[in-house]
Amino acid sequence: MRNQCLVFCMFSIFISCNNNEVSFKSLIENKNLIKLSINSISDNPSIEIDSLIDSIYYIKPQVSDNSLIGEYSKILFEDNKVFILENSKTNKAVYAFAMDGRFLFKINARGDGPGEYVSIHDFYIDANNKQVGILDRSQILKYDYKGKFIGKLDLRKYLVKNIIYNNNFIYAYTYSYCFENKCHNLKVFNMQGELVYSDYPLEKSLQDFPLASDKIYLNADSDKVFFNSLNNDTIYRFEKDHLTPEVVVDFAEYKYPDDEFHKLLDKGEDVISELSYLRDSKYALFGINNFSLTSDYLFTSFLKGYTVYYALFSFKTKNKRIFSSLKPSDNILITPRIIFANDHFIYSILDAEYLDWHKRHEESLGITDPHKDFSKTRIDRYNYLLKDINIDDNAVIAVMKFKSF
C-alpha cells in the first residue's frame, strides 16, 4: 500500500500541475486500514434470512394519479422521508413519501425550457435547505420540496456522472476534459458550484470502459463520503483535502488480473463481444460493484459469472457473510434485490406482482381461517402487507435491521 500511495501521489502532483485545477495534498495512509478477504465463494451460496435479520417493517408508497411509479431507479432516505427516482424511458421524476408511505410531493419538470430537465443522471437531497438536486447533462437543477425551480449549477465542463450531497458540499465523479492521458475524476464543489477540491487521476480508457455502466463510484454515511473506482480493491474516504484508504477488499484468486484488464481497456467498444467469455471465467468482474460503509458494517456487491454476490462485514466482530441470495422464512418476506442504505438497515424492493402471488398463496393455505395455526407475525404480515395489495400498486420497500453476527 505504501508504494501504491507513493505512485498515486506522483501522478497527483503531475496532473495537478498540468490541469490548472485546484491542488491537493498527498493521499494519506491509514494505519487502521480494514481488510475484507473474499477468499471462498460457493457456486450458489444462500443464507437463511432469519440468521441475518433481527426485525423488519415495510414502507408502502401510496398510489395516486401523481405517485404511480413504474420502476425504482434510486432510493434515498433523508429528512425522515423516502425519495424515489424513476428514470425510465417513459417517466423521469423524483417522488417523496413519508416513512408511513404517504405521498408528499414529486419533482416532475421534464422538458427543455428554463427550470426543466431533459434527463436525470443522478439526484441528491439537501435536507438542510429542503432542496432536491437533479443532475441533467452535467447541470444540477435545484428544486424546493414543492417542486418549484430554485436555480442551476452549470458543471458541464466537468462531464459529471454521479453526485452526492454532504454537509453543504457536492461530491462528483466526473469525466474531465484535459490534455493528458489521465484526468482528475473526483471533484468537490461548494453550493455555488465552485470547485474546491480535485483528485484521483484516471486513465481515459478506464473512464470509457463499456462494461461499467452499473458501477457505483460514490456513497455516503452520516458525515462521511466514500469512493471506489472500477477494478480497484480500495474504498477511499474523503477528507477536506485528501483521500484516505478506508477498506481493502481482497478478492484473492477471484481478482481479475491487472495485465489482462489493461488488455481489455485497449479493445474499447470491441470488448463487449467478449462479455460471455468473461462471465464464464472464475474472476469477479471487475471488483466492487456497489458498496456502503457505516459505523458498524461494510456491505459490498460484486459480479461473478452471471450472479450478483453480496459480502457483509461486521467491524465489531470481524465476521463476514458472503451470499448470493437470502432464503425467506415464514416470518420475513423479501426478494433478492438488495439496496443497502445506512446504519444497521438493509433494504429490499418487493414488486406488487410478487406480493400479489404471495397473497394468493397465503390465502390458499388458509391464513384467513381463524382455526388454522399461523404465527402472529405471519398473520400480522398478511393483514398489513398482503391483504389489500393490488397488482397495480407501487413496489413496497422492506426495511430490515441486522442481527449482530
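**Group meeting talk: sheets, cores and a helix**

Okay, let's start with a sheet. It's an open one with four strands, ordered β12-β13-β14-β15, and the pairing is antiparallel. At its edges sit β12 and β15 (195-203), each pairing on one side only. On average, neighbouring strands here are turned by 20° against each other, ignoring direction. And before I go on: this is a predicted model, so keep that in mind throughout.

Let's look inside that sheet. Strands β13, residues 169-174, and β14, residues 182-190, pair in the antiparallel sense over five bridges. If you want one pair to find on screen, take Phe169, whose bridge partner in β14 is Asn190.

Now the loops around here. Asn167 lies in the loop between β12 and β13. Its phi is near 50°, which is a positive value in a residue other than glycine. Is Asn167 buried, partly exposed or exposed? With 48% relative accessibility, Asn167 counts as partly exposed; the cut-off for exposed is over 50%.

Another loop residue to click on is Tyr158, between β11 (149-154) and β12 (160-166). Tyr158 has a relative accessibility of 11%, and buried means under 20%, so Tyr158 counts as buried. Tyr158 also sits 9.7 Å from Leu186, C-alpha to C-alpha, with 28 residues separating the two in sequence.

Let's zoom out for a second. The protein chain has six helices and 27 strands. Of its 405 residues, 52% are buried. Take the contacts between residues at least 6 apart in sequence: 55% of those join residues at least 24 apart. As for the outside, the chain exposes about 19500 Å², and carbon and sulfur atoms supply 47% of that.

So what's on the inside? In soluble globular proteins, nonpolar side chains tend to be buried together. Here the largest nonpolar core has 31 residues, and the ones touching the most other members are Phe83, Tyr117, Val132, Ile134 and Ile397. Strand β6, residues 92-98, gives the most to this core, with five residues. There's also a second, separate core of 28 residues, which includes Tyr171, Leu186, Phe209 and Leu285. You've met Leu186 already, as the residue 9.7 Å from Tyr158.

Let's stay with Val132 for a moment. Leaving out residues up to four places away in sequence, Val132 touches a list of residues that includes Phe83, Val94, Phe105, Phe123, Ile125 and Leu141.

Two of those, Phe123 and Ile125, bring us to strand β8. This strand covers residues 122-126, and five of its five residues are buried. In a regular strand the side chains alternate between the two faces of the sheet. In β8, Asp122, Tyr124 and Asp126 are on one side, Phe123 and Ile125 are on the other, and both faces are covered.

Which strand does β8 join through five bridges? That's β9, residues 131-136, and the two run antiparallel. Phe123 stands opposite Ile134 in β9, and Ile134 is also among the core residues I named before. The hairpin of β8 and β9 has four residues between the strands, and in it Lys130 takes a positive phi near 55°.

Next, a second sheet. This one is also open, with four strands in the order β20-β21-β22-β23 and antiparallel pairing. The edge strands are β20 (284-293) and β23 (320-323), each pairing on one side only. From one strand to the next, the twist averages 15°. β20 is joined to β21, residues 297-304, by six bridges, and Ser292 has Phe299 in β21 as its bridge partner.

There's an unusual-looking spot to show you in β20, where Phe286 is placed. The peptide bond joining Leu285 and Phe286 is cis, with omega about -20°. Further along, in the loop between β22 (307-314) and β23, is Lys318. Lys318 has a positive phi of about 65° although it is not a glycine, and with a relative accessible area of 53% it is exposed.

Last stop: helix α6, residues 376-386. Its buried residues are Arg378, Arg381, Tyr382, Leu385 and Leu386. Looking down the axis of α6, these fall within an arc of 105°, so they line one face of the helix. And what covers them? The cover includes β3 (53-59), α5 (352-364) and β27 (396-402).

How values were computed: Residues numbered from 1 in each chain as written. Predicted model: local features only at pLDDT ≥ 70, side-chain atom pairs only at ≥ 80, totals over all residues. Heavy atoms only, no water. Buried < 20%, exposed > 50% of the residue type's maximum accessible area, 1.4 Å probe, protein only. Contact = heavy atoms within 4.5 Å. Areas by Shrake-Rupley, 256 points an atom, 1.4 Å probe, with all protein chains shown as cover. Arc of directions from axis to C-beta. Pairing = 2+ DSSP bridges. Axes fitted to C-alpha atoms, helices over the stretch in contact; angles between N-to-C directions. Core = buried A, V, L, I, M, F, W, Y, C linked by side-chain atoms within 4.5 Å.
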